[in-house]
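Thanks for coming, everyone. I'll put one structure on the screen and talk through it. Please keep the viewer open.

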Amino acid sequence: MAIGSQRSRTAFRRAWLVCAGVAGAVLLSGCAGAPGSVPDTVFTAVKDSSSAVATARLALGLDASGKLTMAATATTLDDSLKELETARTSLLQLSPTVQNDRDLRREALAVLDEGISGLTTAQDAVASTDGSPTIQDGDQLLKAAAGQMSALTAQLGGQ
């Protein structure tokens, strides 16, 4: 019995270290210098947000499989939400002067709002005592947001 318990603790530690490492990388990447143009700022904000969403989805998967505690999952989701809110704030501070830049900012804000919606749904699911919403509900919203973020970063990478 002690061996199974030890394996469980080892798996938990490993999962926690992975989540902490990814979250740390996301936070460090958010501290980079200010980009020079609207597309650069949008690219950085969406890319950082994409990493935060991936971290949140990883935490939800580990939580669903019983390899991460509710507290660790909640902390990871909180950190990811803060990252998306920071990215959103950086986009709101932009003053695009041409229509293409305004459209790009509007599109990026919509994508980040989808991610924020997914994260708040996931937070509600983790805190829920009645099973509504479910962790799968949050994960599905985050998966959709991740797809939109990936498409937008691919579009910006080609410019």
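I'll go from the overall fold to helix packing, then the core, then a few polar residues. One caution: this is a predicted model.

Start with the fold. The chain has five helices and zero strands. Along the sequence, the pattern reads α-α-α-α-α. The chain holds 159 residues, and 35% of them are buried. Now the contacts. Take those between residues at least 6 apart in sequence: 75% of them join residues at least 24 apart.

Next, helix packing. Two packed helices are described by the angle between their axes and the distance between the axes. Take α2 and α5 first. Their axes come within 9 Å and cross at roughly 150 degrees. The cut-off for roughly antiparallel is over 145, so α2 counts as roughly antiparallel to α5. The crossing is left-handed. Who makes the contact? On the α2 side, the list includes Pro39, Val42, Phe43, Val46, Ser49, Val53 and Leu60. On the α5 side, it includes Ile135, Leu142, Ala146, Met149, Leu152 and Leu156. Charged residues take part too, among them Lys47, Arg57 and Asp63 of α2, and Asp139 and Lys143 of α5.

Now α4 and α5. Here the axes come within 8 Å, with a crossing of roughly 160 degrees. That makes α4 roughly antiparallel to α5. The crossing of α4 and α5 is left-handed.

On to the core. In soluble globular proteins, nonpolar side chains tend to be buried together. The largest nonpolar core here has 30 residues. Which of them touch the most other members? Val42, Leu91, Met149 and Leu152. Four helices each supply at least two residues of this core: α2 (38–64), α3 (70–92), α4 (99–127) and α5 (135–157). The biggest giver is α4, with ten residues.

Zoom in on Val42. Leave out residues up to four places away in sequence. Val42 then touches Leu91, Leu94, Leu104, Arg105, Ala108, Leu152 and Leu156. Two of those names, Leu91 and Leu152, you just heard among the residues touching the most other core members.

Now the polar residues. Ser49 sits in α2. Is Ser49 buried or exposed? Buried, because its relative accessible area is 0%. Again leaving out residues up to four places away, Ser49 touches Leu84, Ala87, Leu112 and Met149. Ser49 is also one of the α2 residues in the contact with α5.

Move to Ser80, in α3. Ser80 has 3% relative accessibility, so it counts as buried. With the same exclusion, Ser80 touches Ala52, Thr55, Ala56 and Leu119. What does the Ser80 side chain reach? The backbone oxygen of Ala52, at 3.0 Å. One more distance: Ser80 and Arg57 are 23 residues apart along the chain, and their C-alpha atoms are separated by 9.9 Å.

Last residue: Asp78, also in helix α3. With a relative accessible area of 36%, Asp78 is partly exposed. A polar contact of 2.5 Å joins its side chain to that of Gln123. The C-alpha atoms of Asp78 and Thr120 are separated by 8.9 Å, though these residues lie 42 apart along the chain.

To recap. Five helices, zero strands. A nonpolar core of 30 residues, with α4 giving the most. And two buried serines, Ser49 and Ser80. That's it from me.

Terms used:
Residues are numbered from 1 along each chain as its sequence is written. This is a predicted model: local features need pLDDT of at least 70, side-chain atom pairs count only at pLDDT 80 or more; totals for chains, interfaces and linings use all residues. Side-chain values use heavy atoms; hydrogens and water are left out. A nonpolar core is a set of buried Ala, Val, Leu, Ile, Met, Phe, Trp, Tyr and Cys residues joined through side-chain atoms within 4.5 Å. Buried means under 20% relative accessible area, exposed over 50%, partly exposed in between (1.4 Å probe, protein chains only). Contact means heavy atoms within 4.5 Å. A polar contact is a pair of N or O atoms within 3.5 Å; within protein, one must be able to donate a hydrogen and the other to accept it, and residues adjacent in sequence count only if both atoms are side-chain atoms. Axes are lines fitted to C-alpha atoms, for helices over the stretch in contact, and angles run from 0 to 180 degrees between N-to-C directions. Angles under 35 degrees count as roughly parallel, over 145 as roughly antiparallel, 65 to 115 as roughly perpendicular and the rest as oblique. A crossing is left-handed if the near helix is turned anticlockwise from the far one by less than a right angle, and right-handed if clockwise.
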